[in-house]
Amino acid sequence: MTTSANPDTSAPYHEHQPGTIVAAEHPATLRHPANVHPDHAAAPDVDIVDVTKRFGDVTAVDAMRLTVARGSFSSFLGPSGCGKTTTLRMIAGFEQPTSGEIYLAGEPVAGVPPYRRNVNTVFQHYALFPHMNVAQNVGYGLRQRRTSKADEARRVGEALELVRLTGYGRRRTWELSGGQQQRVALARALVNHPAVLLLDEPLGALDRKLRHEMQIELKQIQHEVGITFIYVTHDQEEALTMSDVIVVMRDGRIQQQGSPEALYRHPVNRFVAGFIGSSNFVAGRVAGSADDDGRIAVSAPDGVTVTGRLADGERPAPGAEVTVAIRPEHVRVAAGGASDVPGWTALAGRVTSDTYLGDQHEYRVAVPGLGELVARAQAQGGDGAGRAFHTGEDVVVGWHDTAALVLTS
Ligand SMILES: Nc1ncnc2c1ncn2[C@@H]1O[C@H](COP(=O)(O)OP(=O)(O)OP(=O)(O)O)[C@@H](O)[C@H]1O
Ligand SMILES: [Mg+2]
């Protein structure tokens, strides 16, 4: 077995070849939810308990705790090197944790080899067998298990239908487009009905448009089969499109996990706020104490004071360093000279760029002491409310206090 984090694409046979794939014993049809042992019906599909993985002095995964609910679509999202692939490889059994325990369907799996786990993996660099046609590729794992020919034909047919490749069984794999090849890899991983499907940047090699189509299809397929999907990506848009739960990772540590909306609306720190969507960040110090709603004043450079809202339970001391995060869609631009409105932060600035983005206008506004703030507004027909501001214009930028999040880390 190789120890590289990413499979060697030059080798035709490596560990994620179908020969190492074994899945559920039950000949259920693909469209039924994964088979569940009655004793463990309530157990989550994957439970990662205090798992740390070290390679020499590199800590790839650091004290991870994660429970993946049955039938959910979860994504690991984070920058390169944050430990996403290592986590998947431990779930699949290609790596062993340095410490901690992984449970699959309630059973600890330390020492259980990959082919004995009810888990399949689809990698970015899927390797199809070049000497086999599509149907033979998809049915490989079934033949290893001595499934009858009739059963194999039926299940391969179902799997190809699922990935919208009905009628492609006799094609050679090299005749297929990148997207079609990836569908074959997916069908091959699904044909044995694993309880959990691990997908490591499976769409990374596809162009943008095809990737987007496949994202939507993957989500539909996951819905149809009811199998737990754990999906690795460093593309936030991809994670937002598909996931029930996003797990944001950095340096081997989980920063936050939750629904796409929860992470977008309530990021726990600056890293998550910047990684999911985009934000304006204003660094400053706590200038007073919070009111009952968690609203607090923050003094920024140049004597500017901004107001924002603290996350539940956060009560930083006066003088503490904080970052105020404001989403561009919450930043309003108004003509200069607008009067103070209670509950709003309003700052004088000058437009440094105005960009028409089709359905939106994006303005960059320089505010003394804060630098440039980005504002995005829906473009509207006519003038009045839809009025566009122009580069060089003096304006007021502002946001409602509750739209600005005061982050302590
Ligand atoms: N077999 C190995 N030997 C030594 N170090 C490793 C090994 N596998 C992974 N690492 C290190 O562990 C850390 C996490 O790697 P991992 O492949 O899990 O990151 P990743 O989040 O999947 O990144 P990417 O988005 O680039 O695929 C990195 O610092 C990497 O260099
Ligand atoms: Mg990786």
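What follows is a short walk through this predicted model, one selection at a time.

Residues are numbered from 1 along each chain as its sequence is written, while chains are lettered from A and ligands numbered from 1 in the order in which they are written. As this is a predicted model, local features need pLDDT of at least 70 and side-chain atom pairs count only at pLDDT 80 or more, but totals for chains, interfaces and linings use all residues.

**Whole protein.** Start with everything in cartoon. You should find 8 helices and 20 strands; these are DSSP runs, numbered from the N terminus, with helices being H or I of at least four residues and strands E of at least two. Of the 409 residues, 43% count as buried, meaning that 20 or more other C-beta atoms, placed from the backbone, lie within 10 Å of the residue's own (12 or fewer is exposed, anything in between partly exposed). Among contacts with a separation of 6 or more, 67% come from residues 24 or more positions apart; a contact here has the two C-beta atoms, placed from the backbone, within 7 Å.

**The six-stranded sheet.** Next, pick out S6-S7-S8-S3-S9-S10, which is the order of an open sheet with mixed pairing. Two strands pair if DSSP finds at least two bridges between them. S6 (119-123) and S10 (253-258) are the edges, each pairing on one side only. Neighbouring strands here are turned against each other by 20 degrees on average, direction ignored; the axes are lines fitted to C-alpha atoms, and angles run from 0 to 180 degrees between N-to-C directions.

**Strand S8.** Select 228-233. Since 6 of the 6 residues of S8 are buried, this strand is largely enclosed by the rest of the structure. Show side chains: Thr228, Ile230 and Val232 point one way, and Phe229, Tyr231 and Thr233 the other. Now add S3 (73-77), which runs parallel to S8 and is joined to it by 5 bridges. Zoom in on isoleucine 230 of S8, the bridge partner of serine 74. S7 (196-200) also pairs with S8 in the parallel sense over 5 bridges, and leucine 198 has isoleucine 230 as its bridge partner too. To get from S7 to S8, follow the chain through helix H5 (208-225); this β-α-β crossover is right-handed, i.e. with the strands pointing away from you, the path from the first strand over the helix to the second runs clockwise.

**Helix H1.** Jump to 84-92. Is this helix mostly covered or mostly open? Mostly covered: 9 of its 9 residues are buried, including Lys84 and Arg89. Just after H1, click on glycine 93, where phi is positive, near 95 degrees.

**Ligand 1.** Keep H1 on screen and show the ligand. There are 15 residues around it, of which Phe55, Ala60, Ser80, Thr85 and Thr86 come nearest; the cut-off is a C-beta atom, placed from the backbone, within 6 Å. Which element gives the most to this shell? That's H1, with 3 residues; S2 (58-68) also supplies at least two. The shell has 5 nonpolar, 9 polar and 1 charged residues, where Ala, Val, Leu, Ile, Met, Phe, Trp, Tyr, Cys and Pro are nonpolar, Asp, Glu, Lys and Arg charged, and the others, Gly among them, polar.

**The four-stranded sheet.** Last stop: S2 leads you into an open antiparallel sheet, ordered S2-S1-S4-S5. Its edges are S2 and S5 (107-108), each pairing on one side only. Inside, S1 (46-55) and S4 (99-104) run antiparallel, joined by 5 bridges; look for valine 46 opposite its bridge partner in S4, leucine 104.
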